[in-house]
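Biologist: Could you take me through a close look at one pairing of side chains in this model, and then show me what surrounds it in the rest of the chain?

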Amino acid sequence: MAFPVTRPRRLRRTGLLRDLVRETALSPRDFIYPLFVCPGRDQEQPVTSMPGVSQLSVDRAAREAETVWHLGIPGVILFGIPETKDAVGSEAYHEHGVVQEAIRAIKDKTPDLLVITDVCLCEYTDHGHCGVVEDGEVDNDDTLELLVKEALSHARAGADVVAPSDMMDGRVGAIRTALDQDGFENVVIMAYAAKYASGFYGPFREAAESTPQFGNRRSYQMDPGNSDEALREVEADIAEGADIVMVKPALAYLDVISRVKRRFRYPTAAYNVSGEYAMIKAAAQNGWIDESTVVPEVLLSIKRAGADLILTYFAKEMAAGL
């Protein structure tokens, strides 16, 4: 049909009509909220490059998680800032590490909240890389042993989901095997399957205190020019036992999110990362954009591309608004 019989504006005329025919909508249930857990008690250290985000001690993280739950957000993902660091990131898998203690505290206060844990070594190593460094290179297979220890320590503390973000080859299979053998066959693995070597991680590295002390992570994180490779990475992680696959970052990789979802029809997460958050906050503070309009537009684009869940620092304010 042609104009004047077809008039698409009819369905845009009022808010109720627009709501009625909207193809994609956001809900608090779409979000996972990241928390940075630091040593001490009653501590809150604001992250300067991420307005509204802070490092929180275990007690404060537990209270924040309770707030998240009451907003209708189903889960949090925990990142740890240890008291001390060493070459092998030993606090990552310590029984009483900050993340392990935070899991217990959150589960004690808000037992139904999904607790997801980042499984990586970069926050815990004194060199800032995601694994064991030998002769200036990250050794893949030696790193797997430590990632397995970290994932098991999180499961024993009560984590519902472990999320390996290191991009070592074979880590999903190694973690799945170890979890099953230790009686944690119901613990979910959310694999950072297509994690790119991105410039959008800068503010996170301040928040997690995880900047590499030499070199970069391009030898293990993905090249931004590759999307076919992302499909191979996702396929491998699914074959090794991943229950959810993730694309990170989100905004510069919407095409990858879409390809992953269409190809595999698998539960797909996307990480709306720190740099994406910081850019919006900075532009809004300068009066260049309207944050209340831009944030839902950005998150809708991620969901529209195919993400089933979105890890985002905007989760609390979006859930409150929704």
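In what kind of link do the side chains of Glu64 and Lys316 meet, and at what N to O distance?

Modeller: Happy to. The side chains of Glu64 and Lys316 meet in a salt bridge, with 2.7 Å from N to O. Glu64 belongs to helix 2 (residues 58–70) and Lys316 to helix 11, so this pair ties together parts that are 252 residues apart in sequence. By salt bridge I mean a side-chain nitrogen of Lys or Arg within 4 Å of a carboxyl oxygen of Asp or Glu. Helices (H or I, at least four residues) and strands (E, at least two) are DSSP runs, numbered from the N terminus.

Before going further, please keep in mind that this is a predicted model, where local features need pLDDT of at least 70, side-chain atom pairs count only at pLDDT 80 or more, and totals for chains, interfaces and linings use all residues. Residues are numbered from 1 along each chain as its sequence is written, and side-chain values use heavy atoms, with hydrogens and water left out.

How covered are the two partners? Glu64 counts as buried, at 17% relative accessibility, whereas Lys316 is partly exposed at 23%. Buried means under 20% relative accessible area, exposed means over 50%, and partly exposed lies in between (1.4 Å probe, protein chains only).

Helix 11 also helps to cover something else. Along with helix 6 (202–207), strand 11 and helix 10 (291–305), helix 11 is among the elements over the buried residues of helix 9. Nine of the twelve residues in helix 9 are buried, which leaves this helix mostly covered; among them are Tyr277, Ile280 and Lys281. The length of helix 9 (residues 274–285) is as expected: at 1.5 Å a residue, its twelve residues should span 16 Å, and its end C-alpha atoms are 16 Å apart. That expected span is 1.5 Å times one less than the number of residues. Just after helix 9, Gly287 has a positive phi of about 75°.

Your pair has company, since the structure holds 18 salt bridges. One of these pairings joins Asp180 to Arg176, whose closest N and O atoms are 3.1 Å apart. Here both residues sit in helix 5 (residues 171–181), four residues apart, or about one turn of the helix. Asp180 is partly exposed at 36% relative accessible area, while Arg176 is buried at 10%.

Another pairing links Arg259 with Asp228, with 2.9 Å between the closest N and O atoms. Arg259 is in helix 8 and Asp228 in helix 7, so this bridge ties together parts 31 residues apart in sequence. Both ends are partly exposed, Arg259 at 33% relative accessibility and Asp228 at 46%. There is also a shared arrangement: salt bridges with common partners join Asp42, Glu44, Arg60 and Arg63 into one network.

Asp42 deserves a second glance. Its phi is positive, about 55°, although Asp42 is not a glycine. Asp42 lies in the loop between strand 1 (31–38) and strand 2 (44–46) and is partly exposed, with a relative accessible area of 44%. Arg265 is another residue other than glycine with a positive phi, near 50°. Arg265 is in the loop between helix 8 and strand 11 (268–272), and at 63% relative accessible area Arg265 is exposed.

The backbone has cis peptide bonds to look at as well. One joins Phe3 and Pro4, with omega of about 15°, and Pro4 lies in the segment before helix 1. Another runs from Lys248 to Pro249, with omega near -5°; Pro249 is in the loop between strand 10 (244–248) and helix 8 (254–264).

Finally, the interior. The largest nonpolar core has 109 residues, and Leu78 and Met190 have the most contacts inside it. Helix 4 (residues 140–157) gives the largest share of this core, eight residues. Such a core is a set of buried Ala, Val, Leu, Ile, Met, Phe, Trp, Tyr and Cys residues joined through side-chain atoms within 4.5 Å. Not counting residues up to four places away in sequence, Leu78 touches a list including Leu35, Val37, Val99 and Ile116, where contact means heavy atoms within 4.5 Å.
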